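Please find below my notes on the model, arranged as numbered points. They deal with the sheets, the helix packing, a charged pair and two details of the backbone.

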Amino acid sequence: MSQASAGAPSQPQIWRRHPIVLLRAAFLPAGGVLTLLAAWLIGRSTNGLWVRGTLILGSLVLIWRVLGVANVGAPTDQTPLSQRQGVLRRVTALVRALMAGWAVLLVTAAIVTVALAFIVPGTERYVSWVYFAWLFSVGFWFALNTIDWRNDVYILTNDRIIDRVRFPLLYDQRTEARLDQVQNVRAQQGFWGGILGFGDVIVETAGRTQAVVFLEVPNPQDIQRRIFQRIDALNEQRAAEEASRQHAQLTKWFRAYHTITGWIEILDLPEEVVFPRPIHVRWRINLGPEQAYETWLSYDTESDAQGREHANETSVIPSSGRRQFHQIVPVGRRGEMFVRVRVRVLASPGSSGPEETFASREMMVRVV
């Protein structure tokens, strides 16, 4: 099993099926390889009596194995585990049929060549050919079980849970779900699973017909606990993000309020001027003595009430603290002139905070 440290929640946690599952699946092929090699070493021949007896014994085991696989029927219940096993049976049906056919061929070849070696002199060499075919096939069977065991990977990230099942050269299924969709996580162990420390973790999610299943993983209760921890951490993170968003929105509202009522104070602005006299505007900025800022006027003959920015601006005046300012807005024709006082609050030296720009309400002056 390969597993990320629980102390690093930002890293994905990865599990594979318990090693005992590999030992169970590869017991027959591993034992077959060792038995065939032992028969060769003891008899010091690839066609001696030891090898012939091993081939006949192996044929009986292989026939029993083929009959056992062929008698596996579809499950009557519709649990998440049975659904997954049903999918695997369907996608591997062709491969299992080919392997069963090859097994029957090996059994037939072993029985025929061993019988001929006792009856017809000079046919012993055919036993050697069958022996090496058996050794290669059983070794390939063992390798296939090992690859199949390693290809099943179960992953838990900060926001997702992933079940990836692969069958070499034939099948690759990736089932994943968001943690915020998880409705229930169940850990279950059978008799041997309770003794040897492995079991299944079934993750039921909203809006899915197929559950995410961690099959025969080590310590399923611990995996269940880690999934719940990630769900809690995700919920806390989203709650913190929502609180931060609401705080930022409230801060923006309060700043806008203080901009209008306190930071920018309009001291003098005429309601009406006679063309072509300019508009004189006096205002005061109420900030702390150490706070640096820039202030200016923006103006236009059209209102920006619909989100349109003023097209014209006066020169920018840098300053700090609480001060009064006076600037002149020129007029080009009779009509209405719209004016705003603007201020850009500068970041303190050495501070990484952003500069912020605020404005007073839009004010209208009639030019007659």
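1. Two strands are taken to pair if DSSP finds at least two bridges between them, and it is in this sense that bridge partners are named in what follows. The model is a predicted one, and each point below should be read with that in mind.

2. One open sheet is built from 3 strands in the order E5-E6-E7, and its pairing is antiparallel. Strand E5 (182–188) and strand E7 (212–218) form the edges, and because each has a single partner strand, one side of each is left without a neighbour in the sheet. On average, and with direction ignored, neighbouring strands of this sheet are turned by 15 degrees against each other. The antiparallel pairing of E5 with strand E6 (residues 198–205) extends over 6 bridges, and Val 185 has Val 203 in E6 as its bridge partner.

3. A further open sheet, also described by 3 strands with antiparallel pairing, runs in the order E8-E10-E14. Its edge strands are strand E8 (264–268) and strand E14 (323–329), each of which pairs on one side only, and the twist from one strand to the next averages 30 degrees. Between E8 and strand E10 (residues 279–285) there are 4 bridges in the antiparallel sense, and Trp 283 in E10 is the bridge partner of Ile 266.

4. Helix H2 (residues 27–43) packs against helix H6 (residues 124–151) at an angle of about 150 degrees, the axes being 8 Å apart; the two helices are therefore roughly antiparallel to each other, and their crossing is left-handed. On the H2 side the contact includes Leu 28, Val 33, Leu 36, Leu 37 and Trp 40, which belong to a set of residues meeting a set in H6 that includes Phe 132, Leu 135, Val 138 and Phe 142. By class, the residues of the contact of H2 with H6 comprise 14 nonpolar, 3 polar and no charged.

5. H6 also packs with helix H5 (residues 93–119), here at an angle of about 155 degrees and with the axes 9 Å apart. H5 and H6 are therefore roughly antiparallel to each other, and H5 passes H6 in a left-handed crossing. Among the residues of H5 in this contact are Met 99, Trp 102, Leu 106 and Val 114, while those of H6 include Glu 124, Tyr 126, Val 130 and Leu 144. The contact of H5 with H6 has 15 nonpolar, 2 polar and 1 charged residues. Trp 134 and Trp 141 of H6 are listed in the contact with H2, and Trp 134 and Trp 141 appear in the contact with H5 as well.

6. The count of salt bridges comes to 15. One of them joins Arg 17 to Glu 216, with the closest N and O atoms 2.4 Å apart. Arg 17 lies in the loop between strand E1 (13–16) and helix H1 (19–25), whereas Glu 216 lies in strand E7, so the pair ties together parts that are 199 residues apart in sequence. E7 has already been met as an edge strand of the sheet in point 2.

7. Two backbone details deserve a look in the loops. Phe 275 and Pro 276 are joined by a cis peptide bond, with omega about 10 degrees, and Pro 276 is placed in the loop between strand E9 (272–273) and E10. Arg 44, a residue other than glycine, has a positive phi near 55 degrees, and Arg 44 lies in the loop between H2 and helix H3 (49–70).

Key: Residues numbered from 1 in each chain as written. Predicted model: local features only at pLDDT ≥ 70, side-chain atom pairs only at ≥ 80, totals over all residues. Heavy atoms only, no water. Axes fitted to C-alpha atoms, helices over the stretch in contact; angles between N-to-C directions. Parallel < 35°, antiparallel > 145°, perpendicular 65-115°, else oblique. Left-handed = near helix turned anticlockwise from the far one by under 90°. Contact = heavy atoms within 4.5 Å. Nonpolar A, V, L, I, M, F, W, Y, C, P; charged D, E, K, R; others polar. Salt bridge = Lys/Arg side-chain N within 4 Å of Asp/Glu carboxyl O.
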